[in-house]
Each structure stands twice: as structure tokens, then as C-alpha cells.
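Student: I would like to learn how to read surface patches, nonpolar cores and ring pairs in a model. Where do we start?

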Amino acid sequence: AYAINQGTLANANYTITYTGADLSITPKAITVAADAQSKVYGDLNPSLTYTATGLINNDTLTGALSTSAGQFSNVGTYAINQGTLANANYSITYTGADLSVTPKAITVAADAQSKVYGDINPSLTYLATGLVNNDTLSGALSTNAVQFSGVGTYAINQGTLANANYTITYTGADLSVTPKAITVAADTQSRVYGDVNPALTYVATGLVNNDTLSGGLSTSAGQFSGVGTYGINQGTLANANYTITYTGADLSITPKAITVAADAQSKVYGDLNPSLTYTASGLVNNDTLSGALSTNAAQFSGVGTYAINQGTLANANYTITYTGADLSITPKAITVAADAQTKI
């Protein structure tokens with residue numbers, strides 16, 4: 001309010017008693033429109049600018065706009081308020097705007113992991129680059145692999161790993177499941193020559209999850225392999241989830257028991273010995289015996305009874321129970337003619 005004074009108001013014919021009044025200067029109406037702003041989480045707030053319409057006389061406004069957002073305010077939208085922005089000569093009609101806080105870009109690189117089949121998954125760790133304000137990420141990485149997932153490579157995914165204030169560029173890695181070490185010890189086996197091979201059994205130590213091994217042990221011995229010792233090998237015994245340390249054993253093939261009965265024989269003194277024959281019971285696979293029976297009797301052995309012995313009769317794949325017989329030598333028939341004689 002400014003006083004209105006009499007100034008030069010006068011007329012010589014009058015004495016003026018003057019009553020003053022005021023000239024009221026009221027604020028000029030102007031508009032101020034805040035400018036929308038944006039910043040990345042963790043950055044300093046940008047300058048809060050505005051457009052003022054209606055200022056005259058090169059006037060400016062004092063003070064500043066304000067917002068509740070600080071450097072580490074969470075991602076979101078924050079009103080830009082008039083704050084202390086003012087000029088006593090103006091009546092401001094204020095139009096607000098928003099300060100948008102956008103997520104900060106960071107990188108997360110998963111760490112490669114490894115575990116043995118059957119073990120619990122290791123912690124899925126990672127390296128986060130770009131976090132500020134001692135922030136951490138919530139949630140966790142994930143993988144399709146579980147305790148008993150088979151040997152192989154499984155991707156480590158971002159899973160639920162997040163923080164609303166960050167945009168994550170994720171670089172995955174793999175969880176490698178390696179075979180579990182176990183031991184397999186073959187059981188010693190034995191069978192008789194000519195029998196079918198027994199089941200080749202073993203003891204496996206270290207299997208988990210009720211797992212079994214596929215395939216089977218092997219040996220070079222067949223049904224009619226000769227008497228002896230044959231290694232029992234790992235063969236096709238395996239399971240892709242295990243590394244087997246194998247301890248072998250032997251399959252022993254023992255002789256088959258048979259009987260040999262010599263046939264009784266007879267000859268005349270002075271004749272050549274007859275063939276010493278026999279009956280063998282229990283031979284398999286069209287096997288025969290080598291060697292021959294024997295006797296002490298020779299062509300000119302005297303009349304009598306001579307034992308027929310086993311001699312060299314044998315086969316390494318058989319144990320022979322021998323029943324002997326006799327070679328009888330009978331007298332040779334001859335004629336005797338007396339010579340006629342005379343005497344005085």
C-alpha cells in the first residue's frame with residue numbers, strides 16, 4: 001500500500017483540508033509449470049527447473065522447487081512441489097510435475113559351480129557389479145538340478161534374484177554334476193567243467209538313491225572252457241552317474257567227475273595183447289580221453305591173470321574214478337607126436 005498524497009493539487013480560492021488514501025499494488029498473477037525430471041536410482045537429484053510465464057521487468061523468482069526424493073530414494077514417481085519458489089510481487093499459480101526415479105543398471109554374473117552326483121546343491125553365488133548404498137539383492141539364483149539329478153551340465157538361472165531399484169543384466173553359468181566315485185568288487189566264483197557259468201555277482205559300495213548298475217560282469221570262460229582260472233572283468237557294468245573303481249576276481253573251472261570201467265580181456269599165450277577197451281560215463285561235449293589203459297602182460301607173459309590199469313588214460317577236464325579189470329592169458333593149444341622106437 002502506497003499513500004496517495006495531495007501532491008500539487010490546489011486552487012488559490014480554496015483552503016484544502018486533504019484526506020489521503022492509498023494506492024494498493026497487488027501481486028501480478030503468473031504461472032509456474034515445473035519441468036518433469038528423471039534420474040537413475042543412486043544419482044544425485046537433477047536441478048528442478050520450471051517455466052515461469054508472466055514475469056516482467058526482468059524479475060526472477062527466489063527459492064526453489066522441492067521433492068521428497070533423495071539420492072537413494074527407491075524407484076518410483078515423486079511429486080515436484082513449489083517448495084520455497086516465490087516473489088512477493090507475484091501470485092503464482094503452480095502446476096507440478098514428477099521426478100521419476102528409474103532403476104540403476106547393474107550386472108550380475110553367476111559363478112560356475114560343481115558338485116558330485118548325490119550331493120546337495122552348492123550355494124549358487126554370483127558377482128554383482130554396480131550396487132550402491134550398501135544395497136543387496138533379494139531372492140536367489142536357480143537351477144533345474146536337484147540332489148539326484150544325473151551327471152551333466154545344468155544352467156544357473158537368475159531365478160528370483162532382484163531389487164526393484166536395479167535393472168539386472170544377467171550372465172549365467174553352469175552347475176556341473178560329476179560322477180560319484182564307488183567301488184565294485186567281483187565275487188570269486190567256481191564251477192565244474194561243462195556246467196553253465198554261474199551268475200557273476202559283485203558288491204558295490206557307495207551307491208545312493210537306491211541306484212543300481214546296468215550291464216554285467218564278463219569272463220572269457222564259456223560252458224566248455226577247459227579247467228583253469230579265468231578273470232572276471234568289469235564287462236558292461238556301469239551307471240553314468242558313477243565312476244567305478246573295479247576289483248576283479250576269478251572264475252575257477254574244476255574237473256568234472258567221470259567213471260571209467262575197463263573191459264575184461266582174454267588172450268592165448270603168445271598172441272599179441274588185445275586192445276584194452278573201456279566204458280567212460282559222464283563225458284560231455286563229445287570229449288574223449290587221451291592216452292590208454294596198460295597192463296604188465298606182454299606177448300609171451302605166462303598163463304595167468306594180469307590187472308588192466310588206468311595207465312595214461314586221462315583228460316585234464318575230468319577227474320576219473322577208475323574201475324579196473326583183468327587180462328587173462330590162457331594156454332596155447334599144441335600137439336605132441338611121440339617118435340616110434342625099437343630096442344633089442
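**Reading surface, core and rings**

Tutor: We start with one residue: Y18 is found in the loop between β1 (2–4) and β2 (21–23). Keep in mind that this is a predicted model.

Student: Is Y18 buried, exposed or partly exposed?

Tutor: Buried means under 20% relative accessible area and exposed means over 50%. Y18 has a relative accessible area of 32%, so the residue is partly exposed.

Student: Which residues form a nonpolar patch on the surface with Y18?

Tutor: A patch takes residues with over 30% relative accessible area. Here Y18 joins Y2, I4, L9, Y14, I16, L23 and I25 in a nonpolar surface patch, and together they have about 840 Å² of accessible area.

Student: Now the interior. How many residues does the largest nonpolar core have?

Tutor: A core is a set of buried nonpolar residues joined through side-chain atoms. The largest one in this model has 32 residues, and I232 and I308 have the most contacts inside it. Two or more residues of this core come from each of β17 (180–186), β21 (228–233), β22 (242–247), β23 (249–254), β24 (256–262), β29 (318–323) and β30 (325–330).

Student: Which residues is I308 in contact with, leaving aside its neighbours within four places in sequence?

Tutor: I308 is in contact with A262, D263, Q265, L276, L293, S294, T295, Y322, G324, A325, D326 and L327. Apart from the largest core lies another, of 29 residues, including L61, V101, L124 and L175.

Student: How many aromatic pairs are there?

Tutor: Rings pair if their centres lie within 6.5 Å, and planes over 60 degrees apart count as edge-to-face. The count comes to 7 aromatic pairs. One of them is Y117 with F148, edge-to-face at 6.1 Å centre to centre with 65° between the planes.

Student: Where in the chain do Y117 and F148 lie?

Tutor: They link distant parts of the chain, 31 residues apart: Y117 is in the loop between β11 (113–116) and β12 (126–129), and F148 is in the loop between β13 (142–143) and β14 (152–157). Y117 has 2% relative accessibility, so it counts as buried, whereas F148, at 32%, counts as partly exposed.

Student: What kind of pair do Y193 and F224 form?

Tutor: Y193 and F224 form an edge-to-face pair, 6.2 Å centre to centre with 65° between the planes. Y193 lies in the loop between β18 (189–192) and β19 (202–205), and F224 in the loop between β20 (218–219) and β21, 31 residues apart. Y193 is buried at 2% relative accessibility, and F224 is partly exposed at 34%.

Student: Which residues do ring pairs link into a cluster?

Tutor: Y41, F72 and Y166 are linked in this way.

Terms used: Residues are numbered from 1 along each chain as its sequence is written. This is a predicted model: local features need pLDDT of at least 70, side-chain atom pairs count only at pLDDT 80 or more; totals for chains, interfaces and linings use all residues. Side-chain values use heavy atoms; hydrogens and water are left out. Patches are made of residues with over 30% relative accessible area and no salt bridge: like charges are joined within 9 Å, nonpolar side chains (Val, Leu, Ile, Met, Phe, Trp, Tyr) within 5 Å. Accessible areas come from the Shrake-Rupley method with a 1.4 Å probe; for residues, only the protein chains shown count as cover. A salt bridge is a side-chain nitrogen of Lys or Arg within 4 Å of a carboxyl oxygen of Asp or Glu. Helices (H or I, at least four residues) and strands (E, at least two) are DSSP runs, numbered from the N terminus. Buried means under 20% relative accessible area, exposed over 50%, partly exposed in between (1.4 Å probe, protein chains only). A nonpolar core is a set of buried Ala, Val, Leu, Ile, Met, Phe, Trp, Tyr and Cys residues joined through side-chain atoms within 4.5 Å. Contact means heavy atoms within 4.5 Å. Rings of Phe, Tyr and Trp (its six-membered ring) pair if their centres lie within 6.5 Å; planes under 30 degrees apart count as stacked, over 60 as edge-to-face and the rest as tilted.
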